[in-house]
Amino acid sequence: MDPKDNEILQLISSSRIEMNDNYFEAKCMKFIKEQSDADTSYSFLHKMSSWFYIVAIVICFVLIALGLFSSPGDMIPAVLLQAFAIGVASYIIMSFKGRPHIPQ
Amino acid sequence: MNDDAIDCEYVRKVCDGDSESFRFFIAKYKDVLFTYACTILVDRRLAEEAVQDAFLNAFRYLKSFKNKSSFKTWLIKIVINEANKKRKQIDTNIILSGHIHEDLAWTSGPPEINDDAQLIRYALDKLDSDKSLALRLFYLDEYSIKEIAQLTNWGISKTKVTIHRARKEITQLVKALQAKKGI
C-alpha cells in the first residue's frame with residue numbers, strides 16, 4: 001500500500017466522536033434506576049406469589065383430607081369443589097408467576 | 001488488573017444488585033458507543049438516543065452476558081443493533097413522507113476543517129455508513145475481519161469487500177480534500 005494511503009488510514013484512529021453532553025450520564029442513570037426499582041418490586045411480588053401458592057396448596061390438601069376423614073364413605077361434593085377451585089386459583093397464580101416481566 | 005477484568009468486576013457488582021456501579025460503564029464507554037451510533041445515524045440527537053437505549057438494554061440483559069467476548073465488544077454489538085433499528089425506522093419514514101430529514105444530510109456544505117482529525121471525521125461522514133463503520137471498527141478499535149463480521153452480521157466476504165472499497169474511497173476523498181484545502 002502507498003505510504004501516503006497508510007498515513008491517511010492511520011488518521012482514523014483519531015476519529016472518536018465525543019458526546020459533549022454533561023447530563024447524559026445522569027439521564028441514563030435515571031432510567032437505569034427506574035429499571036432497577038421495577039426489577040426489585042417484581043422480585044418482591046414473585047416471592048409473595050410463591051408463598052401464596054404454597055399456602056393455597058396446603059389449604060387444598062387440608063380440605064380434601066377433611067372431606068375424606070369426616071365422611072370417608074360419602075365424600076361431600078362441595079368440599080371437593082372448593083379444593084378444585086383453590087387448585088385452579090393456584091394454577092393461575094403459578095402461571096402469572098412464570099410470566100416474564102415487561103418493563104414500561 | 002486489565003480492562004476486561006475490571007469490567008467483569010463491575011458486571012458482577014451490578015448483577016449483585018448494585019445498579020449504581022453501572023455508572024462506571026456509561027462514563028467509560030459513552031463516547032465509544034456514540035461514535036458508532038453517529039457513524040450509522042449521522043444525526044447526533046438520534047445517536048444519543050440509540051446510545052441511551054443501548055445502555056438500558058445492556059443493563060436489562062446484563063445477566064445474559066457470558067464473557068464470550070469483552071464487555072466493550074458486547075456493548076458495541078448492542079449499539080450497532082439499536083442504531084440499525086433506528087435507521088430502518090427513519091428509512092421507512094423517508095419513504096412514507098417522501099422527503100429527507102435535514103439533519104441526515106450535509107446541507108450547508110463542509111464545515112471548517114483545520115486539522116487532520118477534523119478532515120478524517122468529515123471524510124468518514126461523507127462515506128456510506130457501512131464503509132465508515134467498517135473502517136472505524138478496523139482502525140479505531142482494531143477489530144479483526146472475523147470480529148467485524150460478527151459485530152455487523154455481514155459475513156467474512158462482505159466485510160473484506162467493504163473494508164477494501166472503504167479504504168480506496170477514503171484515501172481518494174482525503175487526498176482530494178487536502179488538495180482543495182491546501183493542508
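**Exercise 1.** How many residues of chain A are in contact with how many residues of chain B?

*Solution.* Work on the predicted model. Count each side in turn. Chain A brings 30 residues into contact, and chain B brings 37. Next, take the area. About 3400 Å² is buried between the two chains, and carbon and sulfur atoms give 66% of that. Then look for the main contributors on chain A. A:Arg16, A:Ile17 and A:Met19 supply 23% of the area that chain A buries against chain B, more than any other three residues.

**Exercise 2.** Find the salt bridges between chain A and chain B, and test the pair A:Glu25 and B:Arg23.

*Solution.* The count is 4 salt bridges. For the pair, compare the N to O distance with the cut-off. The distance is 3.7 Å. The cut-off is 4 Å, so the pair qualifies. Now widen the search to polar contacts. The rule finds 11 residue pairs across the interface, with both residues at pLDDT 80 or more.

Which helices of chain A each supply at least two residues to the side that touches chain B? They are H1 (3-10) and H2 (24-70). H2(A) gives the most, with 11 residues. Sort that side of chain A by class: 13 residues are nonpolar, 7 polar and 10 charged.

**Exercise 3.** Where in chain A is confidence lowest and highest among the helices?

*Solution.* Start with the whole chain. Chain A averages a pLDDT of 76, and 73% of its residues score at least 70. Go to the helices. H3 (residues 77-98) is lowest, at a mean of 73, while H1(A) is highest, at 86. Finally, check residues 100-104 of chain A. Their pLDDT stays under 50, and the model has 5 contacts for them beyond four places in sequence. Where pLDDT is low, predicted coordinates should not be read in detail.

Terms used: Residues are numbered from 1 along each chain as its sequence is written. Chains are lettered from A and ligands numbered from 1 in the order in which they are written. This is a predicted model: local features need pLDDT of at least 70, side-chain atom pairs count only at pLDDT 80 or more; totals for chains, interfaces and linings use all residues. Side-chain values use heavy atoms; hydrogens and water are left out. Contact means heavy atoms within 4.5 Å. Buried area is the accessible area (1.4 Å probe) that two parts lose on being put together, summed over both. A salt bridge is a side-chain nitrogen of Lys or Arg within 4 Å of a carboxyl oxygen of Asp or Glu. A polar contact is a pair of N or O atoms within 3.5 Å; within protein, one must be able to donate a hydrogen and the other to accept it, and residues adjacent in sequence count only if both atoms are side-chain atoms. Helices (H or I, at least four residues) and strands (E, at least two) are DSSP runs, numbered from the N terminus. Ala, Val, Leu, Ile, Met, Phe, Trp, Tyr, Cys and Pro count as nonpolar, Asp, Glu, Lys and Arg as charged, and the others, Gly among them, as polar. pLDDT is the predictor's confidence in each residue, from 0 to 100.
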